[in-house]
Structures are given as structure tokens and as C-alpha cells.
Amino acid sequence: MIRVLLAEDQAVIRGALAALLDLEEDLEVVGAVESGQAAVDAAAVELPDVAVLDIDMPGALDGLAAAAELRARAPGCRTLMLTGYGKPGHLKRALAAQVGGFLLKTAPPEELVAAIRSVARGERVLDKALAVTAWDLADNPLTPREADVLRLAAGGADAPDIAARLHLTAGTVRNYLTAIVTKLNARNRTDAVRIATESGWI
């Protein structure tokens, strides 16, 4: 019997997944929770074989952060990530967190069940639709300082604010932003933020 823990913030989807998995003779849903932190807490008690985690969950721990925490605190629990979007940044973070699988929510139910069984056996599973994305993952072209500048810009800070927080001059910050836009082949600062966020660089 494969013990499965579900973490999904939308109650309807969480209930549907639990009902679907309970139909399988070799799967037992030992917990269905609504957040990454709840998944980590439940795993300590229920000792699941596989945690199926939605990537986008509220709170301090999203699905990927929860997967990393589970790896440290419950090494016997393998993780399978579910996402509605195949963002390169999510996939890159998932690979870095050494999750057991990465599946789109649009996958057929039988594919999800098969993925859980594969992950439980220690195999790696990657949604076919994301395989090409995995090959195309680029290395982060931003320096750590450029990433800091762009992260603050993404939060709405202007050049003087960024300069004050990072102990730089406003001119230096503007130079960083110009270099970032050029490196990312972006149209402007907003586009650079979008590109870097989707790629998982900030």
C-alpha cells in the first residue's frame, strides 16, 4: 500500500483528488491539507510514501519550498509536484529541489496515478508537455547584485529606494537596470521582471 499525502489549497480540487486516489486498491490517502506548512506538519505524523504537492499554495511555504523542507525532515517521503502552468522557473526550482516528479494538472487521472506509483518506486517523472522546457532551461545570466536590484524593482521600489536599501548610488542602480534589460533582451524594466520571474531567476 502506498501512503499518499495531498496538499492543494483549493478544497474542491483537493477533495476530487482524494476521492480519485481512494479508488485505487494500492493507494491510501493519509492526509489532505491546504498549505505547504500543513503538508510538512502532516508528513511528520502520517509518514507518507509520496506527497503530492500543488506548487502555488498560500503562506510562507509554497509547494516547492515544502518539497525542500520534506526532503530535509522526512527523507522517506518522495514528492510529486502538480502545477497548472509549466513555467520554466518552477521546473528549474523543482529539479533543484530534487523532487520525484513534476506533472501538469491537465494530465489525465490515470497519468497521475501512474506517476504516484513511479515516484513511490524511486523513479523520476516529468510531464511529457514539459520535457522540451526542461531541455531549454537557461542558466541565470544575472549576477547576485543584479538579481537583488531587479527583485526590489519587481516589488515596486524606484531607483533611489533601491539605492538606499543596497547602499548604492541611484546612478549605479540605473546602470544595473539598463544592464539587466540588455542581458535579458527585454523591452523595458517591467518586461525584464517578467522574464526573470518566469525563469526563476528572482
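**Close-up 1. Surroundings of Asp54 in the predicted model.** Leaving aside its neighbours within four places in sequence, Asp54 is in contact with Ala7, Glu8, Asp9, Gly63, Met81, Leu82, Thr83 and Lys105. Asp54 lies in strand E3 and counts as buried because its relative accessibility is 4%, under the 20% that sets the limit for that class. The side chain of Asp54 is joined to that of Lys105 by a polar contact of 3.2 Å.

**Close-up 2. Strand E4 and its pairing with E3 and E5.** Strand E4, which spans residues 78-83, is mostly covered, five of its six residues being buried. E3 and E4 run parallel and are joined by five bridges, with Thr79 in E4 serving as the bridge partner of Ala51. Between these strands the chain passes from E3 through H3 to E4, in a β-α-β crossover that is right-handed. E4 also pairs with strand E5, residues 101-104, in the parallel sense and over four bridges, and here Leu80 stands opposite Gly101 in E5.

**Close-up 3. Helix H2 and the elements against which its buried residues pack.** In helix H2, which covers residues 36-46, the residues Gly36, Ala38, Ala39, Val40, Ala42 and Ala43 are buried. The buried residues of H2 pack against three strands, E1 (2-7), E2 (27-33) and E3 (50-54), and against helix H3 (63-73). Just after H2, Leu47 adopts a positive phi of about 50°.

Key. Residues numbered from 1 in each chain as written. Predicted model: local features only at pLDDT ≥ 70, side-chain atom pairs only at ≥ 80, totals over all residues. Heavy atoms only, no water. Buried < 20%, exposed > 50% of the residue type's maximum accessible area, 1.4 Å probe, protein only. Helix = DSSP H or I, 4+ residues; strand = E, 2+ residues; numbered from the N terminus. Contact = heavy atoms within 4.5 Å. Pairing = 2+ DSSP bridges. Right-handed = clockwise from strand over helix to strand, strands pointing away. Polar contact = N/O pair within 3.5 Å; in protein donor to acceptor, adjacent residues only side chain to side chain.
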